[in-house]
Amino acid sequence: MNERSVEIPVVMELVIQNQGKRILEVGNVLSNYYNIPHEIVDKYEKAPNVINQDVIDFISKEKYDLIVSISTLEHVGWDEQPQEPAKLLQAIEHLRDHCLAPAGQIVVSLPVGYNKFFDGLLQDGKSPFTTQNFLKRISK
């Protein structure tokens with residue numbers, strides 16, 4: 001009973017709607033709940049069919065119609081030593097410029113309150129996303 005109970009159904013619905021198209025998941029999350037056929041890039045998690053590579057170094061020969069990430073991008077650059085907060089923006093830009101097909105879509109979930117750099121972008125109106133939706137937890 002955490003935020004994944006909301007994030008996973010929303011993202012999985014998009015994955016189902018895009019069956020047969022090229023899909024990339026950043027962070028190995030959905031395969032913990034579903035049998036999924038799409039490609040996954042995750043720097044640290046060792047699992048079958050997971051490409052262990054930093055997202056900003058990941059290059060694919062073909063572009064993706066859908067790129068999804070569930071509570072993963074907030075860790076990019078933030079959980080590293082030395083910390084590189086702006087690496088989050090580099091990752092989003094890299095996905096948009098080098099991995100996404102021209103008519104493709106990137107859908108990510110990021111928690112507010114974990115990555116102070118990202119929180120600052122939101123507060124300053126400098127989010128790298130064109131559309132944003134928020135959920136507010138009202139109980140534990």
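These legends accompany close-up views of a predicted model. Residues are numbered from 1 along each chain as its sequence is written, and side-chain values use heavy atoms, with hydrogens and water left out. Because the model is predicted, local features need pLDDT of at least 70 and side-chain atom pairs count only at pLDDT 80 or more, while totals for chains, interfaces and linings use all residues.

**View 1. Phenylalanine 118 and phenylalanine 129 form an aromatic pair.** Searching the whole structure gives 2 aromatic pairs, where rings of Phe, Tyr and Trp (its six-membered ring) pair if their centres lie within 6.5 Å. In this one, the centres are 6.4 Å apart and the planes meet at 70 degrees, an edge-to-face arrangement (planes under 30 degrees apart count as stacked, over 60 as edge-to-face and the rest as tilted). Phenylalanine 118 belongs to helix H3 (residues 116-123) and phenylalanine 129 to the segment after H3, so the pair ties together parts that are 11 residues apart in sequence. Helices (H or I, at least four residues) and strands (E, at least two) are DSSP runs, numbered from the N terminus. Both phenylalanine 118 and phenylalanine 129 are buried; buried means under 20% relative accessible area, exposed over 50% and partly exposed in between (1.4 Å probe, protein chains only).

**View 2. Arginine 22 meets both a ring and a carboxylate.** Arginine 22 lies over the face of tyrosine 64, 4.4 Å from the ring centre. For such a placement, NZ of Lys or CZ of Arg must be within 6 Å of the ring centre and within 35 degrees of the ring normal. Arginine 22 also shares a salt bridge with glutamate 62 at 3.8 Å, N to O; the term requires a side-chain nitrogen of Lys or Arg within 4 Å of a carboxyl oxygen of Asp or Glu. Glutamate 62 sits in the loop between strand S3 (50-51) and S4, and arginine 22 in the loop between H1 and strand S1 (23-26), so the pair ties together parts that are 40 residues apart in sequence. With 22% relative accessibility, arginine 22 counts as partly exposed.

**View 3. Glutamate 80 takes part in a network of salt bridges.** The structure holds 6 salt bridges, and a network of them links Lys43, Asp54, Glu80 and Lys87. Between glutamate 80 and lysine 43, the closest N and O atoms are 4.0 Å apart. That pair links distant parts of the chain, 37 residues apart: glutamate 80 is in the loop between S4 and helix H2 (87-99), lysine 43 in the loop between strand S2 (39-41) and S3. For glutamate 80 and lysine 87, the closest N and O atoms are 3.1 Å apart. Glutamate 80 is buried at 13% relative accessible area, as is lysine 87 at 6%, whereas lysine 43 is partly exposed at 34%.

**View 4. Leucine 66 is buried in strand S4.** Strand S4 spans residues 64-70, and leucine 66 has 0% relative accessibility. Leaving aside residues up to four places away in sequence, leucine 66 touches Leu14, Val15, Asn18, Arg22, Ile23, Leu24, Gln105 and Val107 (contact means heavy atoms within 4.5 Å). Leucine 121 is 55 residues from leucine 66 in sequence and 24 Å away in space, C-alpha to C-alpha.
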